[in-house]
Amino acid sequence: MSIPDQTDRRPFDLVIFGATGFTGGLTADYLAAHLPADARWALAGRNQAKLEAVRDRLAAINPATAQLPLLLADTGDPDSLRAVAESARVVIATVGPYLEHGEPLVAACAAAGTDYLDLTGEPEFIDRMYLNHHATARQTGARLVHACGFDSIPHDLGAFFTVTHLPDGVPLRVRGVVRADMMISGGTLHSALAQMSRLRQMRQVEVARKKAEPRTDGRRTRARVGVPRRDAELGVWLLPLPTVDPQIVQRSAAARADYGPDFTYTHYAGLQRATTLAAALAGVGAFVAAAQVPRLRRVLGKRIPQGEGPSESRRASSWFTVDFIGEGGGKQVHTQVRGGDPGYGETAKMLAESAMCLAFDANPQASGQLTTVAAMGENLLRRLTEAGISFRVVEEKR
């Protein structure tokens, strides 16, 4: 059923909540430089002085933002969040960890029929938001789109791009292999620690979601955990990654019939040497174990305080690639997504372009909790390509 859009009469096309934080500030910078001149937008947060400081910085990028409206709102004040949601067509949330701070704004947007985007890579948060707010968003027409940064756009759109170069109507297998040189921020570290300390709860919510989700009629989609091994095609060692990305890709495949009747995705980090693979396996195990102990979790969290991130020079030297090997119908295709600093520069770009895509592009008629591919698909792929993120075919074989 098509739901009439009642949001066009609202005062703002976009509101960014959390622009005073590290990644939120980079996203605001990108919007100031790239939004259409007639776009109506605002900054939201709980600290007037910090919001004014962000606005002053944006005015140096784009003088037209000197009078940008500022909206005071706090995650502990539902009335203020409702006012933000009801004033905007699209709300961008950059305040994490999302499991701790995120749900009140999701709830407000779902109730108001407002499109919502965030940067979360927290599986438990995404599944809880599906269980608690998907049905409401379906009724109001809101699109709730999580993981609109490095988690999980390169993987989600990259797998989709790969599928478009494979035969239609046949079983497909795709594996994604990510490599990166980057430094994490305090927000990312604290989100990861919170997530790893709640493995039992994460599993419980995952099971509850699977019971609640409708089945894919006549089609099968799977996200599989691979095993460490050598990849002959790419010449790297593969480390299975326990991230949210495979779940996002699988949900996109479930939402779109062009992924074929039987789709399987596996997800890895690519490492050059076996010794590095062994060290990485040990390091991941140690991190997960430490996250279970409150004292060790606090010690790790102090290494990078929330709100802090890498310097501009460090970000300028960062990069990522995600290689995909897709197979089906007697054809193999190798594609690649490539970009600069994945955690911040490119993440801010991905989030901002996603918001502009929802606000201004003619996307598929859909509502509820959606992946980036299900919500925006070809439009977002085009936008990110034009913004400088590379999606290319490396090789095709039959």
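This tour moves through the structure one selection at a time and states what is found at each stop.

**The whole chain**

Begin with the entire protein chain, bearing in mind that this is a predicted model. The chain contains 16 helices and 15 strands. Of its 398 residues, 53% count as buried. Consider next the contacts between residues at least 6 apart in sequence: 79% of them join residues at least 24 apart.

**The nonpolar cores**

Select L14, W41, L43, Y116, L157 and F263. These are the residues with the most contacts inside the largest nonpolar core, which has 88 residues. Then add helix α14, residues 345–360, which gives the most to this core, with eight residues. Another core, of six residues, lies apart from it; V177, L234, L238 and I325 are among its members.

Return to L43 and display its surroundings. Which residues does L43 touch, leaving aside those up to four places away in sequence? The list consists of I16, A19, A28, L51, V54, R55, L58, L68, P69, L70 and L71.

**A buried helix**

Select helix α7, residues 153–163. Here 11 of the 11 residues are buried, so the helix is largely enclosed by the rest of the structure. The buried residues of α7 include L157, which was also named among the residues with the most contacts inside the largest core. H155 and D156 are buried in α7 as well, as are F160 and F161. While viewing the helix, recall that an α-helix has 3.6 residues a turn, so residues three or four places apart point the same way.

**Three strands side by side**

Select strand β13, residues 331–339. Why is β13 described as largely enclosed by the rest of the structure? The reason is that eight of its nine residues are buried.

Now add strand β12, residues 319–328. β12 and β13 run antiparallel and are joined by nine bridges. To locate one of these pairs, select T321, whose bridge partner in β13 is R338. The two strands form a hairpin with two residues between them. In the turn, G329 has a positive phi of about 60 degrees.

Next add strand β15, residues 390–397. β13 and β15 also run antiparallel, with seven bridges joining them. Select Q336 to find a pair here: its bridge partner in β15 is R392. As a general point for viewing these strands, the side chains of a regular strand alternate between the two faces of the sheet.

**The enclosed cavities**

Rolling a probe the size of a water molecule over the atoms shows where empty space is left. A search of the whole structure finds two cavities of 30 Å³ or more. The largest cavity has a volume of about 40 Å³. To see its lining, select F17, T75, A93, V95, Y98, H101, G102, L105 and Y116. By class, this lining has six nonpolar, three polar and no charged residues.

**An open pocket**

Finish at the second largest pocket, which has a volume of about 1,300 Å³. Select R209, E213, Q247, Q250 and R251; of the 45 lining residues, these are the closest to the pocket's centre. Which helix supplies the largest share of the lining? It is α10, with seven residues. Elements that each supply at least two residues include α6 (123–140), α8 (186–196), α9 (199–212) and β8 (220–224). By class, the lining of this pocket divides into 20 nonpolar, 13 polar and 12 charged residues.

Methods:
Residues are numbered from 1 along each chain as its sequence is written. This is a predicted model: local features need pLDDT of at least 70, side-chain atom pairs count only at pLDDT 80 or more; totals for chains, interfaces and linings use all residues. Side-chain values use heavy atoms; hydrogens and water are left out. A nonpolar core is a set of buried Ala, Val, Leu, Ile, Met, Phe, Trp, Tyr and Cys residues joined through side-chain atoms within 4.5 Å. Buried means under 20% relative accessible area, exposed over 50%, partly exposed in between (1.4 Å probe, protein chains only). Helices (H or I, at least four residues) and strands (E, at least two) are DSSP runs, numbered from the N terminus. Contact means heavy atoms within 4.5 Å. Two strands pair if DSSP finds at least two bridges between them. On a 1 Å grid over the protein atoms alone, a cavity is a set of points where a 1.4 Å probe fits but cannot get out, and a pocket is an open set with protein on both sides within 12 Å along at least five of seven lines; lining residues have an atom within 4 Å of a point. Grid points are joined across faces, edges and corners, and a volume is the space filled by probe spheres set on the points. Ala, Val, Leu, Ile, Met, Phe, Trp, Tyr, Cys and Pro count as nonpolar, Asp, Glu, Lys and Arg as charged, and the others, Gly among them, as polar.
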